Amino acid sequence: MPRPTAAQLAYGSCTVIFSTLAMLLLSQTSSGAGIALIAVAALVLGLLVALTVPTPKARVVALRRPAHLVTEDAPAPAPVPERAAS
């Protein structure tokens, strides 16, 4: 599994913190079970947000030869003879 990027860590952490605060303030719960349920829900939400942040794509660079080096009637390279197994 690849390492998370800085953006994924930042978005996931902010989501966990702000969603926990919002759910605790809106629900006004004071029981341990309610707080634990809100904390787990916030962690799951933060994980989902972190996983959906787009990751940077690997850049593919096409290499081309300069036009003056490309010749149409260049000979094919000679095959390399195989070595006999000893």
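Colleague: Where in the chain is the place of Gln-28?
Modeller: Gln-28 sits in the loop between α1 and α2. The model is a predicted one.

Colleague: What is the phi value of Gln-28, and how should I read its sign?
Modeller: Phi of Gln-28 is near 55°. That is a positive value, and the residue is not a glycine.

Colleague: Is Gln-28 buried or exposed?
Modeller: Exposure is read from relative accessible area: over 50% is exposed, under 20% is buried, and values in between are partly exposed. Gln-28 has 68%, so it is exposed.

Colleague: On either side of that loop are the two helices. How do α1 and α2 pack?
Modeller: Take the angle and the axis distance together. Helix α1 covers residues 6-27, and helix α2 covers residues 32-52. Their packing angle is about 150°, and their axes are 8 Å apart.

Colleague: Why are α1 and α2 called roughly antiparallel?
Modeller: Angles over 145 degrees count as roughly antiparallel. With an angle of about 150°, α1 and α2 therefore fall in that class. The crossing of the two helices is right-handed.

Colleague: Which residues of α1 and α2 make the contact?
Modeller: From α1 the contributors include Gln-8, Tyr-11, Gly-12, Ser-19 and Met-23. From α2 they include Ile-35, Ala-42, Leu-45, Gly-46 and Ala-50. Sorted by class, the contact holds twelve nonpolar residues, seven polar ones and no charged ones.

Colleague: Ser-19 is one of the α1 residues there. Is Ser-19 buried or exposed?
Modeller: The cut-off for buried is under 20%. Ser-19 has a relative accessibility of 11%, so it counts as buried. Setting aside residues up to four places away in sequence, Ser-19 touches Ala-42 and Leu-45.

Colleague: Which backbone oxygen lies 3.4 Å from a polar atom of the Ser-19 side chain?
Modeller: For a polar contact, the N or O atoms must be within 3.5 Å. The oxygen in this case belongs to Val-16.

Colleague: How does Ser-13, also in α1, read on the same points?
Modeller: A polar atom of the Ser-13 side chain lies 2.8 Å from the backbone oxygen of Leu-9. Ser-13 has 40% relative accessibility and so counts as partly exposed. Across the sequence, Ser-13 and Ala-42 are 29 residues apart, with a C-alpha to C-alpha distance of 9.8 Å.

Colleague: What does α2 offer by way of a buried residue, and what does that residue touch?
Modeller: Ala-50 is found in helix α2. Its relative accessible area is 16%, so Ala-50 is buried. Apart from neighbours within four places in sequence, Ala-50 is in contact with Gln-8 and Gly-12. Thr-5 is 45 residues from Ala-50 in sequence, and their C-alpha atoms are 9.2 Å apart.

Colleague: Is Leu-47 buried or exposed?
Modeller: Leu-47 is placed in helix α2. At 52% relative accessibility, Leu-47 counts as exposed. Leu-47 and Tyr-11 are 36 residues apart along the chain, and 9.3 Å separates their C-alpha atoms.

Colleague: How far apart are the C-alpha atoms of Ala-7 and Val-53?
Modeller: Compare the separation along the chain with the distance in space. For Ala-7 and Val-53 these are 46 residues and 7.5 Å. Ala-7 belongs to helix α1, and with 35% relative accessibility it counts as partly exposed.

Conventions. Residues numbered from 1 in each chain as written. Predicted model: local features only at pLDDT ≥ 70, side-chain atom pairs only at ≥ 80, totals over all residues. Heavy atoms only, no water. Helix = DSSP H or I, 4+ residues; strand = E, 2+ residues; numbered from the N terminus. Buried < 20%, exposed > 50% of the residue type's maximum accessible area, 1.4 Å probe, protein only. Polar contact = N/O pair within 3.5 Å; in protein donor to acceptor, adjacent residues only side chain to side chain. Axes fitted to C-alpha atoms, helices over the stretch in contact; angles between N-to-C directions. Parallel < 35°, antiparallel > 145°, perpendicular 65-115°, else oblique. Left-handed = near helix turned anticlockwise from the far one by under 90°. Contact = heavy atoms within 4.5 Å. Nonpolar A, V, L, I, M, F, W, Y, C, P; charged D, E, K, R; others polar.
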